Amino acid sequence: MIYETFFRTELDRLRAEGRYRIFADLERHVGAFPNATHVNGRKRRRVTVWCSNDYLGMGQHPTVLAAMHEALDRCGAGAGGTRNIAGTNHYHVMLERELADLHGKESALLFTSGYVSNWASLATLASRIPKCVVVSDASNHASMIEGIRHSRAECRIFKHNDTADLRRVLSEIDPDRPKLIAFESVYSMDGDIAPIAEICDIADEFRAMTYLDEVHAVGLYGPRGGGISDREGLSHRLTVIEGTLAKGFGVVGGYIAGSAALCDFIRSFASGFIFTTALPPSVAAGAVASIRHLKTSGLERAQQQRRVAQVRERLSELGLPHLENPSHIVPVMVNDAVMCKRVCDMLLERHDIYVQPINYPTVPVGTERLRLTPSPAHSDADIDHFIAALDSVWTELGLDRTETHGDDALPALDVGVLRQAQLASGPRALHHAPQFTAGLARAPEIGGTASQGPLARLLARLLPSRVYG
């Protein structure tokens, strides 16, 4: 094999399918979010960002920045090692205490990212608990899927947010086997929210542990920013709550919260914790300041919800198709990879608006979209400019305008089924085959003319042969 030729050929295929990703070179403006400078060669232009995961703008909050400066001046740049070898700084200890308090748990444990916290925690729990069966929501994030896969434990999938199917799956498992239900609170691409109380009821009935990913909810929901479980008064019913410091809290890092014994167990056995350098003290200090602020301030959350409602209303007025959901995520559906990228390119080049196209493998082929995240920092003028620009681009490209729709209007290719099938191997891949192949019956309806032709060929190439065909 000529390796370089193989690499280039695969990249050319991505470009032909409209799925090649180009990173925007952005320089954010502290004190002026969501504005940034877009650097393209020697050209620099001011743009407005509409897809940031710094949901509340805490990455520029004066209290957070002051705490980080103070820690940097006091402790220096890096942590100096792993947590086990000289890398545990007092700021880490304070941060873990704040996180435990945020979720009403005995303890918490820091990781370098939300991806790592999911991967390491799920892999450790599922591999170390004898005969553990993981019961996973079909739309779980790739980090959760990879952690489960890495554990080599038996994994059963239940239909997305479907408690009846969850009950069915659990009823088929030996009652004496340990079980772990893994799911998210807010699902990042469709913005829907899990029925946490009902899942906890079923978990109690079948004596299962619960693992809840609150990555897209911490800081944003609940009286103190503890997420959907905090808002609904359910934190005490969950075995593990996992979250991030990189979204609502505006910094970087991941964590879990649970009992003292569980967190100590993960600390002692998870390779993803043991063998990596700890977060810099300045990052931990900034996270502490952000969490403390959002525990007492609801202003950012309230303003964000107002901005989300404004954007949704304006989109609906113009018939710009977006998924209705109860969260802060606003998916504007294009349903074609090539057209989705064209929309984003035109918004950037003509209107100085930055939105990243969302395509496969983040979402299934035929459900490409713009993922809008209105923030407290977006102004009325920002919204006016964005809506006018999107309306103009939509008209020029001749894209369909429809009424706001819910999940029933999505194509039959389920987000989670497709993603988990692609990442899975062996028996897990076979597990997804019936649901996946059933969705292909509606393939001609998905994505418009640009994706009808290559859809089946693309999926056949990307998915394991045991799933497709």
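The largest cavity in this predicted model encloses about 110 Å³ of space. The structure holds 2 cavities of 30 Å³ or more, and the second largest has a volume of about 90 Å³.

Around the largest cavity stand 14 lining residues. Those lying nearest its centre are Phe33, Pro34, Ser52, Asp54 and Ser375. By class, this lining divides into 6 nonpolar, 6 polar and 2 charged residues.

The lining of the second largest cavity consists of Arg83, His92, Leu110, Phe111, Thr112, Phe273, Thr276, Thr277, Ala278 and Leu279. Of these residues, 5 are nonpolar, 4 are polar and 1 is charged. The table sets out the two cavities.

| Cavity | Volume | Lining by class |
|---|---|---|
| Largest cavity | about 110 Å³ | 6 nonpolar, 6 polar, 2 charged residues |
| Second largest cavity | about 90 Å³ | 5 nonpolar, 4 polar, 1 charged residues |

One sheet can be described strand by strand. It is an open sheet of 3 strands, ordered E11-E14-E13, with antiparallel pairing. Strand E11 (330-333) and strand E13 (357-358) are the edge strands, and each of them pairs on one side only. Strand E14 covers residues 369-372 and runs antiparallel to E11, to which it is joined by 4 bridges. Within this pairing, valine 332 has leucine 370 of E14 as its bridge partner. A helix also belongs to this part of the picture: H14, residues 337-351, lies across E13 and E14. The angle between H14 and E14 is about 50 degrees.

Another site of interest is tryptophan 119. This residue is found in helix H5, which spans residues 114-128. Is tryptophan 119 buried, exposed or partly exposed? Its relative accessible area is 22%, so tryptophan 119 counts as partly exposed; the buried class is reserved for values under 20%.

Leaving aside residues up to four places away in sequence, tryptophan 119 touches Ser143, Glu146, Gly147, His150, Ser271 and Gly272. For one of these, glycine 147, the separation from tryptophan 119 is 28 residues in sequence. In space, the C-alpha atoms of tryptophan 119 and glycine 147 are 3.8 Å apart.

Conventions. Residues numbered from 1 in each chain as written. Predicted model: local features only at pLDDT ≥ 70, side-chain atom pairs only at ≥ 80, totals over all residues. Heavy atoms only, no water. 1 Å grid on protein atoms, 1.4 Å probe; cavity = no way out; pocket = protein on both sides within 12 Å on 5 of 7 lines; lining within 4 Å. Points joined across faces, edges and corners; volume = space filled by probe spheres on them. Nonpolar A, V, L, I, M, F, W, Y, C, P; charged D, E, K, R; others polar. Pairing = 2+ DSSP bridges. Helix = DSSP H or I, 4+ residues; strand = E, 2+ residues; numbered from the N terminus. Contact = heavy atoms within 4.5 Å. Axes fitted to C-alpha atoms, helices over the stretch in contact; angles between N-to-C directions. Buried < 20%, exposed > 50% of the residue type's maximum accessible area, 1.4 Å probe, protein only.
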